[in-house]
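Q: Got a minute to go over the ligand site and the empty space in this one? Here it is.

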Amino acid sequence: MGRRILVTGGSRGIGRAVAEDLRCRWSDCEVLTPPRSELDLLDEVSIRSFLAELEPVDGLVNAAGINILGKLNELDDATIEQMMTTNLIAPLKLIQAVAEGMKRRGGGRIVTFSSIWGVRSREYRTLYSMTKFGVCGMTRALARELGPAGILINCIAPGFVLTEMTRKNVPEEEREKLCAEIPLRRMAEPEEIARSVAFLLSLENTYITGQTIVIDGGFTA
Ligand SMILES: NC(=O)c1ccc[n+]([C@@H]2O[C@H](COP(=O)([O-])OP(=O)(O)OC[C@H]3O[C@@H](n4cnc5c(N)ncnc54)[C@H](OP(=O)(O)O)[C@@H]3O)[C@@H](O)[C@H]2O)c1
């Protein structure tokens, strides 16, 4: 029987590429990609009922996320809560839930998603940076706590990846200028992020934990 891995955000973008990569790579692996109708990270009841039915997993990838840009005076309570819940609080709840099963099974692998805006920042990304710096902190603290139980947890911090999120937040006319600032002169394809996620999830990863792996074509170098 292969491993069972839960991937959030599997409907599109990076999460979908991660799920496709894992299914291709490990044919005996069960990759769970619940649609929002089964797991809505903004809905406490949905999270609880999804977790109540979830069988123990060997791996978790918290890829779902949102990025609502805004000037300081535009950040209303609803947006603050939406960003904090989707990007930070719900991922923590999923880790809380799956870690117990992983401990009982002797270990596991968890991958969280930060961003280059969780390592440095840029104007109008206040909420995004709050949550993504938070994800890095959460990952480090949990690596220390869960390491003795054989659970390795790492954070991926992508630069600019060609997904709906980037298409929405980086207008086409700005993309060429931006690519000129990236040493590799292009944005990433989701599949390029997925390959690193697969390694961190694999049993070949025996000693990397608590790290933020920046994958940005050299942008922050
Ligand atoms: N794209 C980039 O350049 C980039 C850079 C750095 C970091 N990241 C991070 O990488 C991760 C994936 O980003 P992406 O570019 O693939 O984003 P995306 O294309 O916009 O996809 C977002 C995914 O998150 C899911 N999602 C959002 N809100 C949800 C909710 N309340 N409940 C359940 N699922 C929800 C979406 O599901 P639905 O289809 O149901 O909406 C979708 O599957 C995110 O954490 C993002 O912050 C992305």
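A: Sure. The ligand sits in the largest pocket, where "sits in" means more than half of its atoms lie within 2 Å of the pocket's grid points. This is a predicted model, with local features needing pLDDT of at least 70 and side-chain atom pairs pLDDT 80 or more, while totals for chains, interfaces and linings use all residues. Residues are numbered from 1 along each chain as its sequence is written, and side-chain values use heavy atoms, without hydrogens and water.

Q: What's the volume of the largest pocket?
A: About 1,000 Å³. A volume is the space filled by probe spheres set on grid points joined across faces, edges and corners. On a 1 Å grid over the protein atoms alone, a pocket is an open set with protein on both sides within 12 Å along at least five of seven lines, a cavity is a set where a 1.4 Å probe fits but cannot get out, and lining residues have an atom within 4 Å of a point.

Q: Which residues come nearest the ligand?
A: Ser11, Arg12, Ile14, Tyr128 and Thr163, out of 28 around the ligand; that shell takes residues with a heavy atom within 4 Å.

Q: Any polar contacts there?
A: Here are three, using N or O pairs within 3.5 Å. The side chain of Arg12 has an N or O atom 2.7 Å from a ligand oxygen. Backbone N or O atoms do the job for Leu41, 2.9 Å from a ligand nitrogen, and for Gly159, 3.3 Å from a ligand oxygen.

Q: How much of the ligand's accessible area does the protein cover?
A: 91% of the 890 Å² that the ligand has on its own, by Shrake-Rupley with a 1.4 Å probe.

Q: Which element gives the largest share of the shell?
A: H5, with three residues. Helices here are DSSP runs of H or I, at least four residues, and strands are E runs of at least two, numbered from the N terminus.

Q: Switching topic: how many cavities of 30 Å³ or more?
A: One, with a volume of about 40 Å³. Its lining includes Asn62, Phe113 and Lys132.

Q: And the second largest pocket?
A: That one is about 210 Å³. Arg122, Glu174, Lys177, Leu178 and Glu181 are the closest to its centre among 13 lining residues. Helix H6 (residues 172–180) gives the largest share of the lining, three residues.

Methods. Polar contact = N/O pair within 3.5 Å; in protein donor to acceptor, adjacent residues only side chain to side chain.
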